[in-house]
Amino acid sequence: MENNLIKELKDYKAWVDWRLVDGRKIPINPRTGKAASSTDPETWSNFQEVGLKSPNRGFVLSDQDPYTCLDLDHVLTPGGIVDGQQNWEMSEKAVRIVAFFDSYTEVSPSGTGLHIWVKGKIPAAIKRSDFEIYSTKRYITVTENPLFNSEIQDCQKQLDAIWKKYGKEKVEMQEVDLDIENEEECIEELRNIYRKSQRLRDIWNYKLGFVKADGESPDESAYDMALANLLRDWPAEKILWALKFRRNQLGVKPKHNKALILTISKVKQGVED
């Protein structure tokens, strides 16, 4: 039986290989062997060029296609072999999401996640701890290992409902230093929060009791995210000022504005909810 995902996607010139590097799946241009870009069509190829039997295929979502993919991590555990086929045990929340969309769904390369492919678009990516949704500027690994080999369904109504609940427009700010007219008032407000919040004092003094996934101590971006979460009700410009103020007070060289804005954008989208 033909795979329904491949049947729909194989005519698009939006395919890449991928390679595992330091635990990350890096998209690869199959013609050059160099890194591909999710925003540069010149680095993408047709289906035949990535190899019909290649285990490492990926498809780049863009505004030129009608598709969206939902990425669910760590929702599957092997449940044994039934009638010669692998059976899976799925988390309760994943069952609800899969049923809600009722579209083509396949197992991710890790064997523990799911990719749900649908027709329809959302205005911007949604990134949460339990799922991520992408419509454009993102490559998705393709395993051709379907949990449900159904046709890709038109799910715009479902996507609209998800966007209404979880989606927010990205924080848009110029990548320049901002002048805060009432800086003294901002400093005093920050001092008041500092006095009341042990967590803010921990952040300011590098005493957080968590480590990164690799076991190392948190880097500056981890503290930026923690501080931004504490100040998430502030306007975006004011959060940016606070991040830079903290770094200046500690003598830490501020990152480029783009990285700090990305941190604020994640917080405003509720990534850490």
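# A tour of the predicted model, stop by stop

**Stop 1: Asp65.** Begin by selecting Asp65, which is found in the loop between β3 (57-61) and β4 (67-72). The model is a predicted one. Is Asp65 buried or exposed? Its relative accessibility is 6%, and buried means under 20%, so Asp65 counts as buried.

Show the side chain of Asp65 and look for two polar partners. One is the backbone nitrogen of Tyr67, which the side chain of Asp65 reaches at 2.8 Å. The other is the side chain of Lys121, joined to that of Asp65 by a polar contact of 3.1 Å. Next, display what Asp65 touches beyond its neighbours within four places in sequence: Tyr12, Phe59, Val60 and Lys121. Lys121 therefore appears both in this contact list and in the polar contact with the Asp65 side chain.

**Stop 2: the whole chain.** Zoom out and colour by secondary structure. The chain has eight helices and 13 strands. Of its 273 residues, 44% are buried. If you draw a contact map and keep the contacts with a separation of 6 or more, residues 24 or more positions apart account for 67% of them.

**Stop 3: His115.** Select strand β8 (residues 114-119) and pick out His115 within it. With a relative accessibility of 5%, His115 counts as buried. Which backbone atom lies 3.3 Å from a polar atom of the His115 side chain? It is the backbone oxygen of Thr141.

Now show the residues in contact with His115, leaving aside its neighbours within four places in sequence. Cys69, Leu70 and Asp71 are among them. The list also includes Tyr104, Thr105, Glu106, Ser108 and Pro109. Ile140 and Thr141 are in contact with His115 as well.

**Stop 4: Lys7.** Move to helix α1 (residues 4-9), where Lys7 has its place. At 37% relative accessibility, Lys7 counts as partly exposed. Its side chain is joined to that of Asn4 by a polar contact of 3.1 Å.

Outside its neighbours within four places in sequence, Lys7 is in contact with Glu2 and Glu151. Put a distance label between the C-alpha atoms of Lys7 and Glu151: the two residues are 144 residues apart along the chain, and these atoms are separated by 9.2 Å.

**Stop 5: two positive phi values.** Select Asp102, in the loop between α2 (92-101) and β7 (105-107). Its phi is near 50°, a positive value in a residue other than glycine. Asp102 counts as exposed, at 55% relative accessibility.

Then select Lys137, in the loop between β10 (132-134) and β11 (138-142). Lys137 is not a glycine either, and it has a positive phi of about 55°. Its relative accessible area is 57%, so Lys137 is exposed.

**Stop 6: α6 against α8.** Two packed helices are described by the angle between their axes and the distance between the axes. Select helix α6 (residues 220-230) together with α8; they pack at an angle of about 45°, with their axes 9 Å apart. Why are α6 and α8 called oblique? Angles under 35 degrees count as roughly parallel and 65 to 115 as roughly perpendicular; the angle of about 45° falls in neither range, and α6 and α8 are therefore oblique to each other. The crossing of α6 past α8 is right-handed.

Show the side chains at this contact. From α6 take Asp224, Met225, Ala228 and Asn229, and from α8 take Leu260, Thr263, Lys266 and Val267. These residues divide into four nonpolar, two polar and two charged.

**Stop 7: α7 against α8.** Keep α8 (residues 257-268) selected and add helix α7 (residues 236-250). How far apart are the axes of α7 and α8? They are 10 Å apart, and the helices pack at an angle of about 125°. α7 and α8 are therefore oblique to each other. Their crossing is right-handed.

On the α7 side, select Ala236, Ile239, Leu240, Leu243, Lys244 and Arg247. On the α8 side, these meet Asn257, Leu260, Ile264 and Lys268. The residues of this contact divide into six nonpolar, one polar and three charged. To finish, centre the view on Leu260 of α8, which is listed in the contact with α6 and in the contact with α7.

Methods
Residues numbered from 1 in each chain as written. Predicted model: local features only at pLDDT ≥ 70, side-chain atom pairs only at ≥ 80, totals over all residues. Heavy atoms only, no water. Axes fitted to C-alpha atoms, helices over the stretch in contact; angles between N-to-C directions. Helix = DSSP H or I, 4+ residues; strand = E, 2+ residues; numbered from the N terminus. Parallel < 35°, antiparallel > 145°, perpendicular 65-115°, else oblique. Left-handed = near helix turned anticlockwise from the far one by under 90°. Contact = heavy atoms within 4.5 Å. Nonpolar A, V, L, I, M, F, W, Y, C, P; charged D, E, K, R; others polar. Buried < 20%, exposed > 50% of the residue type's maximum accessible area, 1.4 Å probe, protein only. Polar contact = N/O pair within 3.5 Å; in protein donor to acceptor, adjacent residues only side chain to side chain.
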